[in-house]
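Here is a walk through one protein model, from a single residue out to the sheet and the ligand. Keep the 3D view open while you read.

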Amino acid sequence: MARWNGAHVRAHAPQLAELLADTVDGGASVGFLAPLARAEAAAWWRERADATAAGRLAVWAAVDDSGRVTGTVSLAHPDKPNSRHRAELVKLMVHRTARGRGLGRLLLATAEEAAAAAGVTLLHLDTETGSPAEHLYRAAGWTRAGVIPDYALSPAGELRPTTLYYKRLAE
Ligand SMILES: CC(C)(COP(=O)(O)OP(=O)(O)OC[C@H]1O[C@@H](n2cnc3c(N)ncnc32)[C@H](O)[C@@H]1OP(=O)(O)O)[C@@H](O)C(=O)NCCC(=O)NCCS
């Protein structure tokens, strides 16, 4: 597990794209419709590299022995002067072949610890209502704030609700 700077994210855009496409192919609602072309996914990650280099995004990734990215998570830091105490947890993804072995929990804990160390006191996120990720967030002490119906299209193109969560971090 390592935190990646902008150059790392850019250099690993193809591997990150493979993980993103696998996640979308698996039916998870992470902002894209299926099937997601690898080129589109890689271009999206290169934009994230720019945001990372600019300090608006913090990215962590886990890589296996063959150089494949097996999991990632990011924190998006708002640039508004009144919001520097909070961050949004985004794009927590574990490759389907690496799930169920604690990597998701480790990625989440890593991002939470780094956020607390950086002085962030409030995290928030949204996740498709009923997704397996909800179990993970609740087990990690996140609080369910509510549900927004028809929030986003699933990868298959159907409108689905999202559940908002937040977690206060110790100061
Ligand atoms: C959610 C996700 C990151 C979990 O990754 P993972 O590495 O499989 O998770 P872990 O092995 O660390 O498991 C963490 C907990 O979630 C539970 N869990 C994982 N997958 C689950 C599933 N399909 N159904 C129910 N519980 C599940 C585990 O049992 C574990 O619970 P425990 O702590 O009580 O034992 C992974 O399934 C994923 O990438 N999903 C698609 C993307 C997604 O939905 N991301 C969230 C977007 S906000």
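R46 sits in helix 3, residues 38–53; helices here are DSSP runs of H or I with at least four residues, strands are runs of E with at least two, and both are numbered from the N terminus. R46 is partly exposed, with 14 other C-beta atoms within 10 Å. On that scale a residue is buried with 20 or more other C-beta atoms within 10 Å of its own, exposed with 12 or fewer, and partly exposed in between, the C-beta atoms being placed from the backbone. A7 is 39 residues away from R46 in sequence, yet the two are 9.5 Å apart in space, C-alpha to C-alpha.

A word on ground rules: this is a predicted model, where local features need pLDDT of at least 70 and side-chain atom pairs count only at pLDDT 80 or more, while totals for chains, interfaces and linings use all residues. Residues are numbered from 1 along each chain as its sequence is written.

**The overall fold**

The protein has 5 helices and 7 strands, and along the sequence they come as β-α-α-α-β-β-β-α-β-α-β-β. The radius of gyration is 15 Å, close to the 16 Å from the globule rule for 171 residues, so the protein is as compact as a globular protein of that length. That radius is taken over C-alpha atoms, and the rule is 2.2 Å times the number of residues to the power 0.38. The C-alpha trace spans about 40 × 35 × 30 Å along its principal axes, and 32% of the 171 residues count as buried.

An unreviewed UniProt entry lists residues 7–171 as "domain: N-acetyltransferase"; such positions are given in the numbering used here, feature names are shortened, and annotations may be inferred rather than shown by experiment. That span is 35% helix and 32% strand, and its end C-alpha atoms lie 31 Å apart.

**The strands**

Two strands count as paired if DSSP finds at least two bridges between them. Here are some of the pairs:

| Strands | Sense | Bridges |
|---|---|---|
| Strand 1 (residues 2–4) and strand 2 | antiparallel | 3 bridges |
| Strand 2 and strand 3 | antiparallel | 7 bridges |
| Strand 3 (residues 69–76) and strand 4 | antiparallel | 5 bridges |
| Strand 4 and strand 5 | parallel | 3 bridges |

To find your way across, start at R3, whose bridge partner in strand 2 is W60. From strand 2 you can step on to strand 3, where A61 has T72 as its bridge partner and V59 stands opposite S74. Strand 2 and strand 3 form a hairpin with 5 residues between them, and G67 in the turn has a positive phi of about 90°. Next comes strand 4: L75 pairs with L89 there, and A76 with E88. The bridge partner of R86 in strand 5 is L122. Between strand 4 and strand 5 the chain passes through helix 4, making a right-handed β-α-β crossover. Right-handed means that, with the strands pointing away from the viewer, the path from the first strand over the helix to the second runs clockwise.

How much of strand 2 is buried? In strand 2 (residues 57–63), 6 of the 7 residues are, leaving it mostly covered. For strand 3, 7 of its 8 residues are buried, so it is largely enclosed by the rest of the structure.

**Backbone oddities**

K91 isn't a glycine, but it has a positive phi of about 50°. K91 belongs to strand 4, and with 21 C-beta neighbours inside 10 Å it counts as buried. D150 isn't a glycine either, and its phi is also positive, at about 50°. D150 lies in strand 6, residues 143–153, and counts as exposed, with 10 C-beta neighbours inside 10 Å. Also have a look at A34 and P35, which are joined by a cis peptide bond with omega of about -5°. P35 is in the loop between helix 2 (13–25) and helix 3.

**Around the ligand**

Which residues come nearest the ligand? Of the 21 around it, those are A28, R99, G104, R105 and P132; a residue belongs here if its C-beta atom, placed from the backbone, lies within 6 Å. Strand 4 (86–94), helix 4 (103–117), strand 5 (122–128) and helix 5 (132–139) are the elements giving two or more residues to this shell. Helix 5 provides the largest share, 5 residues.

By type, the shell divides into 11 nonpolar, 7 polar and 3 charged residues. Nonpolar covers Ala, Val, Leu, Ile, Met, Phe, Trp, Tyr, Cys and Pro, charged covers Asp, Glu, Lys and Arg, and the others, Gly among them, are polar.
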